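Please open the structure in your viewer and follow the stops below in order, selecting each item as it is named.

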Amino acid sequence: MRLTFQARRRLGAAAAGAALTVVALVMLAPMAWMAFVSAKPETDIFSRAPLSMPDELTGAHYANLFDQFHFGSSITNSVAIAAATVAISVLLGGLAAYGFARYPWRGSGVALAFLIVARMVTPAALVVPLYTIMQRLGLLNSLSGVIVGVTVLNLPFVVWILKPFFEQVPKEVEEAAELDGLSPARVFFRIVLPLALPGLMTAVLYSFLAGWTDLLFPMTFITDSTVMPLTSSLLQMQTGYRIYWGELMAGGIVLTLPPVLLCFALQKYLLRGLRTGY
Amino acid sequence: MSSPRRPETRRRGRGAPSPGPAVVHRSSRRRRLAGIAFTLPSMLFVGAVMAYPLVYLGYMALHTYRPLTSSEITPAGLSNVTALFTDSTVRSSLRVTLQFTLASVAIEVVVGTACAILLANVMLRLRGRLGRLFSRALASAFIVPFAVPAVAGAYAWRMMLDAQLGPVNQLLGTSIPWLVEHPLLSIIVIDAWKMTPFVLFVMLAAVMSIEPSQYEAAALDGAGPVRTLFSITLPSILPIMLVTGAFRAVDAFTKVFDTVFATTGGGPGDDTRVLPLVIWRTAFTHLDFGSASAQALLALVISLGFGVALMVLQRRNR
């Protein structure tokens, strides 16, 4: 009796595994498709059945990215935007999250609510006035305009991720350090930050994703293709006359690989940041 | 001194003599200054780059600014705002955005929750080394859409759904131009592909936190898997399911942009012209910043309205 029950359970789990495998394949399909097309010769893409195996593989589309579509500078620009987004939002957001977690003052509830509300702002609504402001400041066609836009939308999220991590640091540790005469800033940088490292990793990962994947700000602020990051460079491969599918899929892989690998490596921290609520 | 700090002061005095009231007083002023100092940089940044632009947005909504014809900003009264109610593009975009939101979030919550329950089953039942490897491989696969930048995923799907170049039609033995004939359905599927993993992992945590003793009790009572699902699993995770769905809906309604821009571009006609896309096109294709600002205000009122309502609801339930 007990054996059949166990066997039935295991059979059920196997069926669940089979169903999930099908879903997982659908989830992987777009990336697999990009990789497949990017390595196909041009004639195979356009004149043979989509799923037929090509006779040979080619790196020509990847080479074209650098020859025709400025991908060398696009990669540099994407790295710069992502790095600056990480640096600014984790530094400012970390300080603010710690302040809200440990040093509540009379107006801090309002200030926190203000930051949370900022999380809900429609990016497309913000980009309209920000464009005219950037234009007046002469910051169009520069990375700093993009960085500022991406960071301001990401910062509230970082505060919201980090606050619970700082709340979990045992207060006794900080109080002991304070009694030893360390200033609040020292306590934060020397004692608290190392203890909240898992939270910081989560914040770094999500900030990187925000900076690396953003399309709205670069496509609006940047028209000079040497200043474009990867995301808005992809749009250049679709002209009024044709779409450079081979290059587009190759560019998609270049854009996709870093965040996917990073998310694999930091899977634990990625899942920690997945919460709902404000 | 506020009452929540008292117990902690008492705790500090475990070994050493506890600090007198004078010390607490002096440090409370210092603490307030420290609190302000820690949060000030963020507040200034958000104030300068978000609050000020949004105030400026309100100003622009009351003016006409069309840089293509004139570089002058002229007062327009409420005409941009009243135009919102008569403009058929805005009205149809609200309908399209709502349809998109309801359909994609429904799919994400149902498929995501179903997959979470199945994955929890696999993780709890297949415990050998191979079983653990298998469930880790599945989890990694589900992470991928989450990590793929929306614009790259959108272009990949656009090619996959193409009438001639796409594998979907080859597999189905059809040649349907999906993005032309079923544009809304296509962007719903693409968004569901991207965001289902988010719901899946949130729900997985919820399913895994159900007490095993509840299942054991059900098994002792002779409850089958269907009965267990409906009387234990689903009731336990329903609140989280609803909250996740609600937050996804606010996000989908106000932030859908990349996917649509890179696939249908809003077309054919107005079929997939979601609200954020209408705002962007009015400003940066038609170069009509006054009207775009009024539309952006509408989007803000909707997103902040729903967002604040959710926030209040969640606070009350806590």
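Begin by selecting chain A and colouring by burial: of its 278 residues, 49% are buried, where buried means that 20 or more other C-beta atoms lie within 10 Å of the residue's own, exposed means 12 or fewer, and partly exposed is in between, with C-beta atoms placed from the backbone. The model is a predicted one, in which local features need pLDDT of at least 70 and side-chain atom pairs count only at pLDDT 80 or more, while totals for chains, interfaces and linings use all residues. Residues are numbered from 1 along each chain as its sequence is written, and chains are lettered from A and ligands numbered from 1 in the order in which they are written.

Next, switch chain A to a cartoon, which shows 14 helices and zero strands; helices (H or I, at least four residues) and strands (E, at least two) are DSSP runs numbered from the N terminus. The radius of gyration of chain A, taken over C-alpha atoms, is 24 Å, well over the 19 Å that the globule rule (2.2 Å times the number of residues to the power 0.38) gives for 278 residues, so the chain is more spread out than a compact globule.

Now select A:H70, in the loop between α3 (60–68) and α4 (71–102) of chain A, where phi is positive, about 55°, although the residue is not a glycine. A:H70 counts as partly exposed because it has 19 C-beta neighbours inside 10 Å.

Finally, move to chain B and select B:P268, in the loop between α12 (258–263) and α13 (275–284); the peptide bond leading to it from B:G267 is cis, with omega near -10°.
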